[in-house]
Amino acid sequence: MTNVNAVEYPVPQPVVGRGALFVEHRLKAPLVSESAYIAPTAVLAGDVTVGPHSRVLFGAVITAEGGPVEIGQNCVVMENAVVRGVPGQETHIGDEVLVGPHAHLTGCVIEGGSLIATGATVFNGARIEAGAEVGFNAVVYVNTVVPAGTAVPMGWFAGGHPAELVAPGDWDRIRSIMEPLDYPGTVFGVGASSPMPDIARRYARGLALHHRDRIVPDERHLLAREDAP
């Protein structure tokens, strides 16, 4: 009589992000540490790396649109946040960073121990230095550096290197800071006078590469080496 308890079954491969949408984009697939949690309904596309013990919650989108996205360890990217990697601008979230719901980060660096609160926006080329905070619905403009330990108040505008903090409604001062920071050139690679139809066509051509995307089945989600306990 066969002893069924003696039968050895192969140990199934670990799966991270079961039910989440992992997308191979530009021939790169997301790479996620086994100890990380990627919620169902989250989307990771392209050259995205998520470090040990980090959490990407429901509805969050992390997409490498021509530039990689690196997320460190013990980070939390909360519901419906968007993190976008773009060409020519580093997109990196350091260790122990909290990104709140509906926050929007593009082509920027968030150093360790920082807080990006609900609804905040951090634009291309910006750097949030260690331990800084960007408050609810605040905006950090292109090519801006928020110094370590600085708190951008709720709804305020931060622009410049180092950042000048401007209260909402002070449009004259905000516009004077924005102009030399070159939003069109930084974000779209065009001159300030370029018409929006030209910008839209240029952007659409770049995004056409999504036609070649491939959905990565759960069992083929790639695991990163664990670097920390």
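## A look around the largest pocket and beyond

The largest pocket here has a volume of about 490 Å³. Of the 22 residues lining this pocket, Val86, Pro87, Val187, Phe188 and Tyr203 sit closest to its centre. Three elements each give two or more residues to the lining: β13 (104-106), α2 (183-188) and α3 (196-207). Keep in mind that this is a predicted model.

Now for the protein as a whole. Its secondary structure comes to three helices and 25 strands. The C-alpha trace spans about 85 × 40 × 25 Å along the principal axes. Here are some overall figures:

| Property | Value |
|---|---|
| Buried residues | 40% of the 229 residues |
| Exposed area | about 11800 Å² |
| Share of the exposed area from carbon and sulfur atoms | 57% |
| Contacts between residues 24 or more positions apart | 17% of those with a separation of 6 or more |

What about charge? The side chains include 15 positive and 24 negative ones, and the centres of those two sets are 9 Å apart.

Let's zoom in on one residue, Ser33, which belongs to strand β2 (residues 31-33). Is Ser33 buried or exposed? Its relative accessible area is 2%, so Ser33 counts as buried, the cut-off being under 20%. Which residues does Ser33 touch, leaving aside those up to four places away in sequence? They are Val16, Val50, Gly51, Pro52, Ala224, Arg225 and Glu226.

Note on methods: Residues numbered from 1 in each chain as written. Predicted model: local features only at pLDDT ≥ 70, side-chain atom pairs only at ≥ 80, totals over all residues. Heavy atoms only, no water. Helix = DSSP H or I, 4+ residues; strand = E, 2+ residues; numbered from the N terminus. Buried < 20%, exposed > 50% of the residue type's maximum accessible area, 1.4 Å probe, protein only. Contact = heavy atoms within 4.5 Å. Areas by Shrake-Rupley, 256 points an atom, 1.4 Å probe, with all protein chains shown as cover. Lys, Arg positive; Asp, Glu negative; His and termini not counted. Charge placed at Lys NZ, Arg CZ, Asp CG, Glu CD. 1 Å grid on protein atoms, 1.4 Å probe; cavity = no way out; pocket = protein on both sides within 12 Å on 5 of 7 lines; lining within 4 Å. Points joined across faces, edges and corners; volume = space filled by probe spheres on them.
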